[in-house]
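Please work through the exercises below with the sequence and the structure side by side. Each task is followed by a solution that goes step by step.

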Amino acid sequence: MRWTLRISFLLFLAWAIFMVSPFVALYDLSKAIEARDMDQITERVNFNALRVSLARQILGEYLKTQDLDGLGQQAAAQAGTAVLNPVLEELITPQAVIDLLDDGQLQQATGAQDRNGGFFPLGFDTASLGKAWRTFIMSETQGFRAITIPLPADEPRGNQFKITLRLRATTWRLTGIELPEPLKEELIKRAAAATK
């Protein structure tokens with residue numbers, strides 16, 4: 001009976017550590033962003049997967065705004081990719097990740113120069129159990145190797161970033177960011193302006 005209890009306790013402890021580990025990784029990433037530690041950010045972000053994530057969102061929305069004039073879906077996607085490539089190149093850098101996740105703005109991509117300072121999606125206070133609990137409850141797991149975390153948890157869904165982390169070996173890495181609607185619209189306007 002004692003062995004059963006010990007094994008059960010160890011299994012529960014391992015499960016609890018595993019469930020908390022992506023949030024610890026997210027907290028570590030937020031600290032690297034605050035410190036502007038490019039090496040740490042580069043280590044914790046899968047830029048290829050992030051590029052695919054952002055391209056899928058922006059290209060889909062961009063194609064909805066365009067008059068395709070009978071172009072096939074494949075040809076339209078290729079044309080859209082060519083147009084969006086410069087915008088995506090600006091987004092897939094450690095500095096752009098810092099801009100985006102520090103204050104919710106992309107200074108490089110949107111041309112914004114001033115920082116509003118009021119939006120820190122990764123700067124949640126771990127001492128605030130209520131906020132941490134809401135973030136934990138609102139997160140969505142995708143099997144054992146991926147999790148999507150909406151930030152900030154208190155914002156309406158349309159204003160939230162959805163951060164996707166994927167486990168590779170023993171490290172959780174950022175592989176996707178679902179952008180809030182206002183930021184998506186701004187990037188689409190920028191892409192449309194680039195085609196003129």
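## Exercise 1: a link between two helices

Asp 28 has a relative accessible area of 30%, and it therefore counts as partly exposed. The model used here is a predicted one.

**Task.** Find which parts are tied together by the salt bridge of Asp 28 and Arg 44, and decide whether Arg 44 is buried or exposed.

**Solution.** Step 1: the side chains of Asp 28 and Arg 44 meet in a salt bridge, with a distance of 3.8 Å from N to O, and the cut-off for such a contact is 4 Å. Step 2: Asp 28 belongs to helix α1, whereas Arg 44 belongs to helix α2 (residues 38-44), so the pair ties together parts that are 16 residues apart in sequence. Step 3: Arg 44 has a relative accessibility of 14% and therefore counts as buried, since buried means under 20%.

## Exercise 2: salt bridges within a helix

**Task.** State how many salt bridges a search of the whole structure finds, and describe the pair Lys 31 and Glu 34 as well as the pair Lys 184 and Glu 181.

**Solution.** Step 1: the search of the whole structure gives three salt bridges. Step 2: in the salt bridge of Lys 31 with Glu 34, the closest N and O atoms are 3.6 Å apart; because these residues are three apart in helix α1, about one helical turn separates them. Lys 31, at 36% relative accessibility, is partly exposed, and Glu 34, at 47%, is partly exposed. Step 3: in the salt bridge of Lys 184 with Glu 181, the closest N and O atoms are 3.3 Å apart, and the two residues, three apart in helix α8 (residues 181-195), are separated by about one helical turn. Lys 184 is buried, with a relative accessible area of 8%, whereas Glu 181 is partly exposed at 37%.

## Exercise 3: the sheet

**Task.** Give the order of the four strands in the open sheet and name the edge strands.

**Solution.** Step 1: the order is β1-β2-β3-β4, and the pairing is antiparallel. Step 2: β1 (140-141) and β4 (171-178) are the edge strands, as each of them pairs on one side only. Step 3: β1 is joined to β2 (residues 146-151) by two bridges, and Thr 141 stands opposite Ile 147 in β2.

## Exercise 4: a nonpolar patch

**Task.** Name the residues that make the nonpolar surface patch of about 410 Å², and place Leu 13.

**Solution.** Step 1: the patch is made by Phe 9, Leu 10, Leu 13 and Ile 17. Step 2: Leu 13 lies in helix α1 (residues 2-35), and with 37% relative accessibility it counts as partly exposed.

Notes. Residues numbered from 1 in each chain as written. Predicted model: local features only at pLDDT ≥ 70, side-chain atom pairs only at ≥ 80, totals over all residues. Heavy atoms only, no water. Patch = residues over 30% accessible without salt bridge, like charges linked within 9 Å, V, L, I, M, F, W, Y side chains within 5 Å. Areas by Shrake-Rupley, 256 points an atom, 1.4 Å probe, with all protein chains shown as cover. Buried < 20%, exposed > 50% of the residue type's maximum accessible area, 1.4 Å probe, protein only. Pairing = 2+ DSSP bridges.
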